[in-house]
Amino acid sequence: MTPREPVSPRAADVGPDSAPVRAVAAPVAPCAILTRPDGQAHTLARALNAAGIDTLAFPLLHIAAQTDPATLAALDNALRSLPSYALSVFVSPNAVTHALARLVQLHAPDNEADASDAGRLWPEALPVAVVGPGSAQALADAGIAPPRRRVIVPPGGPEARFDSEALLEQLDLSALAGRRVLLVRGDGGRELLADTLRANGVHVDIVSAYTRRAPAPDTAAWAALEARLAVPERCAWVLTSSEAVRHLATLFAARYGTRDGVHTPGTPQVLAQILAAPCFTSHTRIADAARSAGFDRITQCAPGDDNLLAALKTWADPIQVKHDDR
C-alpha cells in the first residue's frame with residue numbers, strides 16, 4: 001500500500017482548551033500515536049508510514065544526559081573503575097548510550113564524545129548484561145558485541161520477556177556472590193535487580209547516566225492530539241513505558257479532570273474520545289498502567305518493535321480497506 005501523508009489539523013478544527021474538539025475534516029487514514037521520547041521513535045514511525053499508517057508524536061518522557069555534579073562524579077568514578085567489576089548491567093538503551101558517551105568523554109575531554117569509540121575503551125574481560133535487544137543493539141553500535149565481548153540478554157522467541165525478572169534468570173548469582181556489579185540506569189527506576197543481587201551476596205554499585213522528566217505538551221501538541229482523536233476508532237496509542245503512561249494519566253487529570261470526579265467544563269467528551277482509542281503495549285506492567293489511566297481497549301503483544309508493528313498493521317488493515325473503498 002502506498003504510504004499516505006499525515007493529515008494536519010487546521011486551527012479552525014480545534015476548539016479552545018475548555019471545549020470539545022469539532023473535527024471539520026477528520027483524518028481518514030489510521031494513525032498511531034507514538035509516545036516515546038523525542039528522537040526515539042523514528043525507526044518505528046518509518047515502518048508504520050511504509051505500511052500506510054500515519055503517525056503522531058506525543059512524547060511522554062524527556063531523556064537527557066545526567067548533569068547533577070554529585071551524580072556525575074559517582075558515574076565517572078565507576079567508569080574509571082570498570083576493571084574492578086565482575087559484571088556491568090545496563091537497564092535500557094538510554095543507559096547504554098549516555099554511559100558510553102560519558103566513558104568516551106572521560107578519555108577525550110577536549111573532543112565531542114562519540115560512543116562509537118567505546119568498544120576499544122571497554123575492558124575485554126568485563127561482561128555486560130542488558131534487559132532486552134534494544135540495549136544489546138545499542139552496545140553493538142558502540143562496538144561491544146560477541147564474540148569479542150560477552151553480552152548477556154534474555155532470549156527471544158514467542159514467549160520472550162525483556163524485563164528485570166527475565167535477565168535475572170540468565171545470571172549466575174552464585175558466581176557473583178562476594179563480587180562487585182555495576183548497575184547503570186537513569187534517575188530512579190525499579191529496585192528488583194539491585195535488591196535481588198544484594199540478597200544473593202553481590203556488592204552492587206548503582207549509578208545514573210541520564211535523567212527522565214515528564215514533558216509538558218504545548219497548545220499545538222494538544223490540538224493535534226485532540227483533532228486526531230475526534231475519530232478514536234482510527235487512532236491507536238503505542239505505549240512502551242509504564243512510567244510514561246503514569247505521566248499521561250497525570251496530564252489527563254490536569255487537562256480534563258478525573259473520569260469519576262470533577263471535570264474541567266466542556267472536556268468530558270474529549271476525554272471519552274481519547275480513552276476510547278485502542279492502545280498497544282508490550283508488557284503486562286504497561287498494560288496495567290494503561291488500565292489504571294482509564295483505557296479499556298488494550299492489546300498486549302510480544303516485546304519488540306517488529307511485534308508492535310505487526311499488531312498495528314493487523315489493527316489498521318480493516319480501516320485502510322474502508323478508506324480505499326470509499
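Colleague: What share of the contacts in the chain, counting those with a separation of 6 or more, comes from residues 24 or more positions apart?

Modeller: They account for 66% of those contacts, a contact being heavy atoms within 4.5 Å. This is a predicted model, so local features need pLDDT of at least 70 and side-chain atom pairs count only at pLDDT 80 or more, while totals for chains, interfaces and linings use all residues. Residues are numbered from 1 along each chain as its sequence is written, and side-chain values use heavy atoms, with hydrogens and water left out.

Colleague: Good to know. How many helices and strands does the chain have?

Modeller: You'll find 13 helices and 11 strands in the chain. Both are DSSP runs numbered from the N terminus (helices are H or I with at least four residues, strands are E with at least two).

Colleague: Let's take β8. Which way does β3 pair with β8, parallel or antiparallel?

Modeller: Antiparallel: β3 (residues 62-65) and β8 (residues 203-213) share 4 bridges. Strands count as paired if DSSP finds at least two bridges between them. To see one, look at I63, whose bridge partner in β8 is R212.

Colleague: And how many bridges join β7 to β8?

Modeller: There are 7, and here the strands run parallel, with β7 covering residues 180-186. One place to look is R180, which has H203 of β8 as its bridge partner.

Colleague: Through which helix does the chain cross from β7 to β8?

Modeller: Through α8 (residues 192-199), in a right-handed β-α-β crossover. Right-handed here means that, with the strands pointing away from the viewer, the path from the first strand over the helix to the second runs clockwise.

Colleague: New topic: what percentage of the residues is buried?

Modeller: Of the 326 residues in the chain, 48% are buried. That label means under 20% relative accessible area, against over 50% for exposed and in between for partly exposed (1.4 Å probe, protein chains only).

Colleague: I was also wondering about T281. Where is T281 placed?

Modeller: T281 belongs to strand β10, which spans residues 279-281.

Colleague: Why does T281 count as buried?

Modeller: T281 counts as buried because its relative accessibility is 0%.

Colleague: Which residues is T281 in contact with, leaving aside neighbours within four places in sequence?

Modeller: Back along the chain there is L239. On the other side T281 is in contact with I286, A287, I298, T299, Q300, C301 and L308. Try picking out T281 in the structure, then L239 and L308 among its contacts.
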